[in-house]
Amino acid sequence: MIGGGIGGLCLAQGLRRSGVAVAVYERDRDPASRWEGYRIHVSPAGARSLHACLPEHLWRAFLATAAPGGPIGFLTERLAPLVEVEEAIAYPRGDDPSEDHYAVDRRALRRLLLAGLDDVVGFGAEYESWEPGPDGRVVARFADGRRVEADLLVGADGVGSRVRRQLLPAAEPVSAGVVGIAGKVALTPEARRWVPAALQQGMHVVSDAGPGALFTAAYRPPDGAREVLAEVTGRSAPAIDEPYLLTAFVTAPHHLPPDIDTADPEALAGATDALTRGWHPDLRRLLASCDPGSRGASAFAVAPGIPTWEPSRVTLLGDAVHAVPATGGLGGNAALRDARRLTQALAARPADLVAAVGAYEADLREHGTATIDDALAVRDQMLAGGVWRTRASRAWFRLCARSATLRRMTFADGDRAVSRPRPWELAGT
Ligand SMILES: Cc1cc2nc3c(=O)[nH]c(=O)nc-3n(C[C@H](O)[C@H](O)[C@H](O)COP(=O)(O)OP(=O)(O)OC[C@H]3O[C@@H](n4cnc5c(N)ncnc54)[C@H](O)[C@@H]3O)c2cc1C
């Protein structure tokens, strides 16, 4: 497998658990060589997949380090509350923790996914291309001259996937027409005195009629999370004991300088400040207070749909095949889902490997397309702006705030529709 990100590692865990031999080749020098210090949202689709792929002790560690996903609220740029959607409507979990949603520290998740895979994951391995090998096998070639032969090559190498470029050259991702400027504010006792109280838990979208919107999400590590992480991952466990707030300002690229994704932290702060003139001072202070080392801009790409292709001994997983903008927090969950489905296909030890890969790819196409559509719909909502549209949506949100029925009608089918279990997810691993 090429790529040890969220999707590739979850697949490696699933295959190892099922007794299927697997090797992961990752370009990074080591697990800490990339900055990953922010929170991501794991939806029920992601949680279900982790539950299916992780060994029991790692699933328990996931639950012990993940914080509740929390409610989702909408506010104006002057911090006037519009509506807060309770979890019982947005993510009704019942009694099953694998059908819940979570706020997860990305470093913690990646370390959990790496746990116990020392003999499976090879760091510093930059994949270059593949070619047909003997007996229908595949040979992968690496930048250091290595050649590795396998029954199946899985491209889990993210949005810039070289595996996809060779397999599906026409499926190169295109601009998603949205840029995210992310940052992180530590919720220290001092910060908690001035960070708007509503934003200190759950997820929020703050918007005006202007050119962008702000998404915020809190991560509050559960008591003992760091110890649990250290226990399952060893001494290299990252420190995750401080609560923090993720901020992500999203806007269309033409509102920003063209080189924004390489801009330094000060320039990024200047860009969000310029786009939030007239916003409540606490919101502007929040954006200005992000830890400079945590500031980063991403000009998001999106897959131009998922084509149909002949299955073979080379396949794809996650962002490599259905890249989406981060709007909606869906891409990682879709990658986890692929990992679970491919585990299922390979764990059955199919006599016809290519047919099993084809069945996996059919399911990937279905939920991957729904993921792309949903992420773009959220992008459109966040970038809609306009005075009349904003007035109308605010009036509707205020009505929703007064009626659980309206909240249910408006919000209960959001992420849940993408996350809804597919028939293959109702089967065993
Ligand atoms: C700011 C931000 C917030 C986000 N929030 C969320 C969220 O809340 N929820 C959510 O579900 N998603 C979220 N996402 C999206 C999510 O991060 C991605 O969809 C997810 O990481 C995709 O997983 P993946 O395994 O397919 O790819 P990646 O995680 O990108 O992993 C690909 C791996 O392949 C390796 N690689 C690449 N090329 C090579 C090569 N040539 N040789 C060897 N290795 C290679 C890379 O180093 C990397 O480790 C967010 C993204 C961003 C940027």
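Where is the place of G368? G368 sits in helix α13, and this report starts there before moving on to sheets, helix packing, salt bridges and two loop residues.

## About the model

This is a predicted model, in which local features need pLDDT of at least 70 and side-chain atom pairs count only at pLDDT 80 or more, while totals for chains, interfaces and linings use all residues. Residues are numbered from 1 along each chain as its sequence is written, and side-chain values use heavy atoms, with hydrogens and water left out.

## G368 in helix α13

Helices (H or I, at least four residues) and strands (E, at least two) are DSSP runs, numbered from the N terminus. G368 belongs to helix α13 and is buried, with a relative accessible area of 0%. Here, buried means under 20% relative accessible area, exposed means over 50%, and partly exposed lies in between (1.4 Å probe, protein chains only).

What does G368 touch, not counting residues up to four places away in sequence? With those left aside, G368 touches I306 and H322, where contact means heavy atoms within 4.5 Å. Measuring along the chain instead, G368 and A356 are 12 residues apart in sequence, and their C-alpha atoms are 18 Å apart in space.

## Strands and their partners

Let us turn to the strands. An open sheet is formed by 3 strands in the order β8-β9-β10, with antiparallel pairing; two strands pair if DSSP finds at least two bridges between them. Its edge strands are β8 (127-132) and β10 (147-150), each pairing on one side only. From one strand to the next, the twist averages 25 degrees; axes are lines fitted to C-alpha atoms, for helices over the stretch in contact, and angles run from 0 to 180 degrees between N-to-C directions. Strand β9 (residues 138-142) is joined to β10 by 4 bridges, and the two run antiparallel. Within this pairing, A140 stands opposite V148 in β10.

Strand β12 (residues 174-186) has antiparallel pairings too. With strand β16 (residues 296-302), β12 pairs over 6 bridges, and I181 stands opposite A297 in β16. With strand β15 (residues 244-251), β12 pairs over 8 bridges, and the bridge partner of V185 in β15 is L245.

## Helices α3 and α8

Two packed helices are described by the angle between their axes and the distance between the axes. For helix α3 (residues 56-65) and helix α8 (residues 225-233), the axes come within 8 Å and cross at roughly 155 degrees. That makes α3 roughly antiparallel to α8, given that angles under 35 degrees count as roughly parallel, over 145 as roughly antiparallel, 65 to 115 as roughly perpendicular and the rest as oblique.

The crossing of α3 past α8 is left-handed, a term for a near helix turned anticlockwise from the far one by less than a right angle, with clockwise giving right-handed. On the α3 side, H57, L58, A61, A64 and T65 meet A225, V228, L229 and V232 in α8.

## Salt bridges

Side chains of opposite charge can pair when their charged atoms come close. The whole structure holds 25 salt bridges, each being a side-chain nitrogen of Lys or Arg within 4 Å of a carboxyl oxygen of Asp or Glu. One of them links R146 and D144, with the closest N and O atoms 2.9 Å apart; R146 is partly exposed at 35% relative accessibility.

R284 and D273 form another salt bridge through their side chains (3.2 Å, N to O). Because R284 lies in helix α10 (residues 281-288) and D273 in helix α9 (residues 265-275), this pair ties together parts that are 11 residues apart in sequence. R284 is partly exposed at 23% relative accessibility, and D273 is partly exposed at 35%. The side chains of D363 and R341 also meet in a salt bridge (2.6 Å, N to O). D363 lies in helix α13 (residues 353-383) and R341 in helix α12 (residues 331-347), so the pair ties together parts that are 22 residues apart in sequence. R341 counts as buried, at 11% relative accessibility. Elsewhere, R48, E99, R337 and E425 are joined into one network by salt bridges that share partners.

## Two loop residues with positive phi

Most residues other than glycine have a negative phi, and most peptide bonds are trans. D135 is not a glycine, yet has a positive phi of about 55 degrees. D135 is found in the loop between β8 and β9 and is exposed, with a relative accessible area of 73%.

R349, likewise not a glycine, has a positive phi of about 45 degrees. R349 is in the loop between α12 and α13 and is partly exposed, with a relative accessible area of 48%.
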